[in-house]
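Me: Hi! Could you walk me through this structure before I set anything up?

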Amino acid sequence: RERHSPSTVQKDVFAEFDAAMALFDKGQIQQSFSIFQKLEQSDNASIAQESAFMMAECFSVQGKFPEAERLLVTLSVKPEVNALTLEKTLVRLGHVFCAANKRQEAANAFKRLITEFPGSRYQKIATCDAVK
């Protein structure tokens, strides 16, 4: 078995993530989910966090809101989650709550987004009206 240097392994992880995103963008949700699920276990924290977020996105586009909610809530309370991932996690969590008709939980997620990220580019869509 061939040994990879850490930088080669990192590149492989990013390439796999990009491949999973391409599949997601093409609507190949199951295939992308499988890759994100594997990448969620990555030693690269940002890839692991982004993969967990994208797993929730896969569930969301399939209408599997309880599963999406579970992943997003878990991500939103992890102290080590980076700011970029947390910011979009909060807005997506609010939208998932809206879709599940959990208006108070949605309002709480949006309020946390605006409190923790006062200049967030997601503020305009931090509302249940943004969910079609």
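Reply: Happy to. One definition to begin with: the expected span of a helix is 1.5 Å times one less than its number of residues. Please also keep in mind that this is a predicted model.

Me: Okay, let's try that on α5. How many residues does α5 have, and how far does it reach from its first C-alpha to its last?

Reply: α5 has 17 residues and reaches 24 Å between those two atoms, close to the expected 24 Å.

Me: Is α5 mostly covered or mostly open?

Reply: Mostly covered: 13 of the 17 residues in α5 are buried.

Me: And what caps the N-terminal end of α5?

Reply: That would be N82, which has a side-chain oxygen 3.2 Å from the backbone nitrogen of L84.

Me: Nice. What happens just after α5?

Reply: There N101 takes a positive phi of about 60 degrees, although N101 is not a glycine. Most residues other than glycine have a negative phi. N101 is found in the loop between α5 (83-99) and α6 (103-116).

Me: Is N101 buried or exposed?

Reply: Exposed. N101 has a relative accessible area of 58%, and the cut-off for exposed is over 50%.

Me: Let me zoom out. How many helices and strands does the chain have?

Reply: The chain has 6 helices and 0 strands, so from the N terminus on its elements run α-α-α-α-α-α.

Me: What about the overall dimensions, say the box that the C-alpha atoms fill?

Reply: Along the principal axes, the C-alpha atoms fill a box of roughly 55 × 30 × 20 Å. The radius of gyration is 16 Å, which agrees with the value near 14 Å for a compact globule of 132 residues.

Me: What share of the 132 residues is buried?

Reply: Buried residues make up 42% of them. The accessible surface of the chain comes to about 7,800 Å², and 54% of that belongs to carbon and sulfur atoms.

Me: And contacts? What share comes from residues 24 or more positions apart?

Reply: Counting contacts with a separation of 6 or more, residues 24 or more positions apart account for 48%.

Me: Switching to electrostatics. How many salt bridges are there?

Reply: The count comes to 5 salt bridges. Side chains of opposite charge can pair when their charged atoms come close. One of the pairs is E16 with K38, at 2.5 Å from N to O. That pair links distant parts of the chain, with E16 in helix α1 (residues 6-25) and K38 in helix α2 (residues 29-39), 22 residues apart.

Me: Is E16 buried, exposed or partly exposed?

Reply: E16 counts as partly exposed, at 25% relative accessibility.

Me: Back to α5 for a second. Which residue does K88 form a salt bridge with?

Reply: K88 pairs with E50, and their closest N and O atoms are 2.7 Å apart. K88 is in helix α5 and E50 in helix α3 (residues 45-61), 38 residues apart. E50 is buried, with a relative accessible area of 17%.

Me: And which residue pairs with K102?

Reply: K102 forms a salt bridge with E69, where the closest N and O atoms are 3.0 Å apart. K102 lies in the loop between α5 and α6 and E69 in helix α4 (residues 65-77), so this pair ties together parts that are 33 residues apart in sequence.

Me: How do K102 and E69 compare for accessibility?

Reply: K102 counts as partly exposed at 28% relative accessibility, whereas E69 is buried at 17%.

Technical notes: Residues numbered from 1 in each chain as written. Predicted model: local features only at pLDDT ≥ 70, side-chain atom pairs only at ≥ 80, totals over all residues. Heavy atoms only, no water. Helix = DSSP H or I, 4+ residues; strand = E, 2+ residues; numbered from the N terminus. Buried < 20%, exposed > 50% of the residue type's maximum accessible area, 1.4 Å probe, protein only. Polar contact = N/O pair within 3.5 Å; in protein donor to acceptor, adjacent residues only side chain to side chain. Rg over C-alpha atoms; globule rule 2.2 N^0.38 Å. Contact = heavy atoms within 4.5 Å. Areas by Shrake-Rupley, 256 points an atom, 1.4 Å probe, with all protein chains shown as cover. Salt bridge = Lys/Arg side-chain N within 4 Å of Asp/Glu carboxyl O.
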